[in-house]
Amino acid sequence: MAQFESKIRTIEWMDDCSRMVDQTKFPYEFNYIDIKTGDDMFDAIKTMIVRGAPAIGIAGAHGVVLYAQELQKKNLSFDEFKKELLKKSDYIVTSRPTAVNLYWAVEKQKDIIKNCTSDIETLIDELKINGKKLELEDIEINKKIGDYGAMVVPKGATILTHCNAGALATVGYGTALGVVRSAYANDPTIQVFADETRPRQQGARITTLELVMDGIPVTLITDGMCSYFMKKGMIDMVCVGADRIAANGDAANKIGTYTVAIAAKYHNIPFYVAAPLSTIDTSIKTGDEIVIEERSHDEVTTINGKRICADGVNIINPGFDVTPHELITGIITEKGILKPDYKESIAKVFE
Ligand code: MRU
């Protein structure tokens, strides 16, 4: 199967810092920023300089290395160093609560910390090597997801996506947009409809940007328009990413995904979730256990820094919702497409 090479590299470990695309300035600026301390990495994740479940996983792994480099200057014993670094690792995970990939990647670094018996320098080298390994694996995993997903994309399909599950939400290829890239490499007649994705407009600001950069046809629509186009027969398939998937297949993704899934079900349009196995949290039985991030009210009351509503209105701003497994046609992973019954297919893929 032909593969598409994306030009985008979202996050990369350099010699002693983490280089990432600053996603807060899109679409006006496309700049890289070097993150040099653990606390700056915490803030970069929290303020969404880096965002998207797999990308913040890698950011978390890099954050552990940055804290390690700082602690190295403190003349601690090896045991004290490990103890402090484990504390910092647990802290960085608290920067955003919903995407399990952050926890998953930091746990991988914690395993290295716990198992290392040599010295501080060796431990830091091992953490750097592992960070790099996770980065490169993410691209390979995404390409596999893309290839499996491409098999279920109808010829000439219009694929609707919500939020950004693309190269800019991962290290460099994308999950839902990885499916789009792989499908497009084999069938350049496919196209994408991108939901705007209020409040942070990841669809408008990020998905359209990366697809235009890669020359893949994309049409921007606002969030309320999806059922209109589904009824007109203009959407053939929905493909979205996920931040955490429970053992029964319930999938948390950007707020508004659930609405799209209901509309797709009503119109008999296949609704796929594309995600690496690291997004599946088998420790939770259903989506009810997923912690939903509550974000700043300013994201709702303003657009581009300008207030769009009356003073004194009440605001609620959950960052994610959970799509019940009954609405999901398949979960596209690097090990193939999981189908209902998800309790069984998920358990089997982790055997
Ligand atoms: O708040 P964000 O921008 O980090 O939310 C991103 C999403 O919801 C993505 O769809 C999800 O993380 C999957 S990314 C491959």
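This passage looks at the ligand site and then at some backbone features of the predicted model.

Start with the ligand. Its space is the largest cavity, and the shell around it draws on helix H2 (53–72) and strand E9 (251–254), the elements that each give two or more residues. In total, 19 residues surround the ligand, and the closest are Ala53, Arg96, Asp243, Asn253 and Lys254. Sorted by class, the shell comes out as eight nonpolar, seven polar and four charged residues. Both domains chip in: domain 1 (11–142) and domain 2 (145–349) each supply at least three shell residues.

As for polar contacts, the side chain of arginine 51 puts an N or O atom 2.9 Å from an oxygen atom of the ligand. The side chain of glutamine 202 also has an N or O atom 2.9 Å from a ligand oxygen. With alanine 53, it is a backbone N or O atom that sits 2.9 Å from an oxygen atom of the ligand. On its own the ligand has 410 Å² of accessible area, and the protein covers 99% of it.

Now for the backbone. The peptide bond from arginine 198 to proline 199 is cis, with omega near 10°; proline 199 belongs to the loop between strand E5 (191–195) and helix H7 (202–213). Another cis bond runs from proline 340 to aspartate 341, with omega near 0°, and aspartate 341 falls in the loop between strand E16 (336–338) and helix H11 (342–349). Then there is methionine 48, a residue other than glycine with a positive phi, near 70°. Methionine 48 is in the loop between helix H1 (38–46) and H2.

Definitions and conventions. Residues numbered from 1 in each chain as written. Predicted model: local features only at pLDDT ≥ 70, side-chain atom pairs only at ≥ 80, totals over all residues. Heavy atoms only, no water. Near = heavy atom within 4 Å. Polar contact = N/O pair within 3.5 Å; in protein donor to acceptor, adjacent residues only side chain to side chain. Areas by Shrake-Rupley, 256 points an atom, 1.4 Å probe, with all protein chains shown as cover. 1 Å grid on protein atoms, 1.4 Å probe; cavity = no way out; pocket = protein on both sides within 12 Å on 5 of 7 lines; lining within 4 Å. Sits in = over half its atoms within 2 Å of the grid points. Helix = DSSP H or I, 4+ residues; strand = E, 2+ residues; numbered from the N terminus. Nonpolar A, V, L, I, M, F, W, Y, C, P; charged D, E, K, R; others polar. Domains from an automatic or database assignment.
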